[in-house]
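Let's take a walk through this one together. Have the sequence and the 3D view open, and keep both at hand as you read.

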Protein chains: 2
Amino acid sequence: MRTSATPKHLDQTLLALADPTRRAILQRLSAGEVRVTELAQPFAMSLNAVSKHIRVLERAHLVHRRREGREHLLSFTPKPMDDVARWMEAQRANWSARLQALDDLLQEEDRVLAPPRKGRTR
Amino acid sequence: MRTSATPKHLDQTLLALADPTRRAILQRLSAGEVRVTELAQPFAMSLNAVSKHIRVLERAHLVHRRREGREHLLSFTPKPMDDVARWMEAQRANWSARLQALDDLLQEEDRVLAPPRKGRTR
DNA sequence: TTGATATTCAACCCAGAGGTTGAATGATGC
DNA sequence: GCATCATTCAACCTCTGGGTTGAATATCAA
């Protein structure tokens with residue numbers, strides 16, 4: 001079934017990561033499960049605002065919520081980040097392949113402009 | 001002077017990447033310089049829309065523009081992607097360190113709950 | 001000059017982010 | 001049952017993103 005890495009997924013993951021508050025949340029969460037209120041405490045914004053950020057992270061599947069009574073325990077889910085990493089790696093490969101091709105081309109030009117020295121030039 | 005990797009930079013880079021059109025543009029550009037019109041051609045949107053996307057990519061320093069007469073030649077600049085990769089790598093390290101700590105803890109608990117067997121329990 | 005081409009600028013539209021406040025829901029503890 | 005605590009839902013505001021169209025700018029070609 002292969003759920004990972006459709007463009008839509010990438011969009012949501014990257015969008016979720018493109019905010020310092022949310023990155024801070026992930027950082028905190030990567031140290032272990034935290035309750036919503038506890039998580040919100042250090043931020044200079046309302047609990048509601050943090051709650052919304054959490055929803056964005058959930059939508060991107062970067063955060064998982066486990067209900068325990070009235071408390072909601074949040075944890076980090078790294079898989080979407082792996083997908084991003086894979087995309088970036090593919091991009092990097094593309095890029096360096098192009099540089100290699102360019103390099104080859106330049107070397108070819110050199111060979112043409114300055115043929116195997118045998119006197120002759122000049 | 002160290003320009004790289006302030007949160008603001010990361011925000012702009014990740015935001016720029018969080019759009020399929022812009023990712024496609026980067027893909028195309030990683031194969032070499034392209035003119036704006038040429039670049040816009042395959043997309044089902046106005047030239048102006050593509051022009052705006054390009055501006056977003058420039059703001060994130062993912063694309064460099066070289067003017068040659070009336071033509072603007074665009075090229076891919078990979079450095080901001082490296083910064084993203086570095087952040088993700090740090091995050092990943094954090095995460096696995098936590099898993100390791102958790103693992104150690106569980107092992108410790110095991111040792112406590114089931115001490116070096118010597119009969120005794122039951 | 002004049003006309004065509006490459007590109008941006010400007011104004012506008014609509015949807016969605018990111019924040020607020022206030023009310024609703026749902027578990028807990030007496 | 002009742003007050004309290006943890007959390008979300010709902011409505012609202014403002015700003016920005018992504019798109020449009022139409023006009024402006026700059027270069028090329030004649």
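What follows goes from the protein interface to the two DNA strands, and then to a couple of local details.

## What kind of model this is

Before anything else: this is a predicted model. Every distance, area and percentage below was computed from that prediction.

## Where the two chains meet

Start with the protein–protein side of things. On chain B, 27 residues are in contact with 27 residues of chain A. The area buried between the two chains comes to about 2600 Å², and carbon and sulfur atoms give 66% of that. Which residues of chain B lose the most area to chain A? They are B:R23, B:M88 and B:W95, which together make up 23% of what that side buries.

There's some polar chemistry here too. The rule finds two salt bridges across the interface of chain B and chain A. In a salt bridge between A:R23 and B:D11, the side chains come together at 2.8 Å, N to O. Six residue pairs are in polar contact across this interface, with both partners at pLDDT 80 or more. As for the elements behind it, α1 (7–17), α2 (20–29) and α5 (79–113) of chain B each give two or more residues to the side that touches chain A. Of these, α5(B) gives the most, with nine residues. Sort that side of chain B by residue type and you get 17 nonpolar, five polar and five charged residues.

## Around DNA strand C

Now over to the DNA. There are 21 residues around strand C, and those that come nearest are A:N48, A:K52, A:H53, B:T37 and B:R65. Of the strand C atoms within 4 Å of the protein, 61% belong to sugar or phosphate, and the rest to bases.

A few atom pairs from chain B are worth pulling up on screen. B:S51 has a polar side-chain atom 2.7 Å from a phosphate oxygen of strand C. With B:V36 it's the backbone instead: an N or O atom there lies 3.4 Å from a phosphate oxygen of strand C. B:R70 goes for a base, with a side-chain N or O atom 2.9 Å from a base oxygen of strand C. The elements giving two or more residues to the surface near strand C are α4 (47–59) of chain A, plus α3 (36–40), α4 (47–59) and β3 (71–76) of chain B. The largest share, five residues, comes from α4(A). By type, the surface near strand C divides into four nonpolar, eight polar and nine charged residues.

## Around DNA strand D

Which residues come nearest to strand D? Of the 21 around it, they are A:T37, A:R65, B:N48, B:K52 and B:H53. Sugar or phosphate accounts for 61% of the strand D atoms within 4 Å of the protein, with bases making up the rest.

On the base side, look at A:R70: an N or O atom in its side chain is 2.9 Å from a base oxygen of strand D. Two phosphate contacts come from chain B. In B:S46, a side-chain N or O atom is 2.7 Å from a phosphate oxygen of strand D, while a polar side-chain atom of B:R59 lies 3.3 Å from a phosphate oxygen of that strand. Two or more residues of the surface near strand D come from each of α3 (36–40), α4 and β3 (71–76) of chain A, and from α4 of chain B. Here α4(B) has the largest share, five residues. The surface near strand D splits into four nonpolar, eight polar and nine charged residues.

## Helix α2 of chain A

Back to the protein for a look at helix α2 of chain A, residues 20–29. Its buried residues are A:T21, A:R22, A:R23, A:I25, A:L26 and A:L29. At the start of this helix, a side-chain oxygen of A:D19 reaches to within 2.8 Å of the backbone nitrogen of A:T21.

## A backbone oddity at His61

Most residues other than glycine have a negative phi. A:H61 isn't a glycine, yet its phi is positive, about 60°. A:H61 sits in the loop between α4 and β2 (63–68) of chain A, and at 47% relative accessibility it counts as partly exposed.

In chain B, B:H61 also has a positive phi of about 60° without being a glycine. B:H61 lies in the loop between α4 and β2 (63–68) of chain B. Is B:H61 buried, partly exposed or exposed? With a relative accessible area of 48%, B:H61 is partly exposed.

Terms used: Residues are numbered from 1 along each chain as its sequence is written. Chains are lettered from A and ligands numbered from 1 in the order in which they are written. This is a predicted model: local features need pLDDT of at least 70, side-chain atom pairs count only at pLDDT 80 or more; totals for chains, interfaces and linings use all residues. Side-chain values use heavy atoms; hydrogens and water are left out. Contact means heavy atoms within 4.5 Å. Buried area is the accessible area (1.4 Å probe) that two parts lose on being put together, summed over both. A salt bridge is a side-chain nitrogen of Lys or Arg within 4 Å of a carboxyl oxygen of Asp or Glu. A polar contact is a pair of N or O atoms within 3.5 Å; within protein, one must be able to donate a hydrogen and the other to accept it, and residues adjacent in sequence count only if both atoms are side-chain atoms. Helices (H or I, at least four residues) and strands (E, at least two) are DSSP runs, numbered from the N terminus. Ala, Val, Leu, Ile, Met, Phe, Trp, Tyr, Cys and Pro count as nonpolar, Asp, Glu, Lys and Arg as charged, and the others, Gly among them, as polar. A residue is near a molecule or strand if one of its heavy atoms lies within 4 Å of it. Buried means under 20% relative accessible area, exposed over 50%, partly exposed in between (1.4 Å probe, protein chains only).
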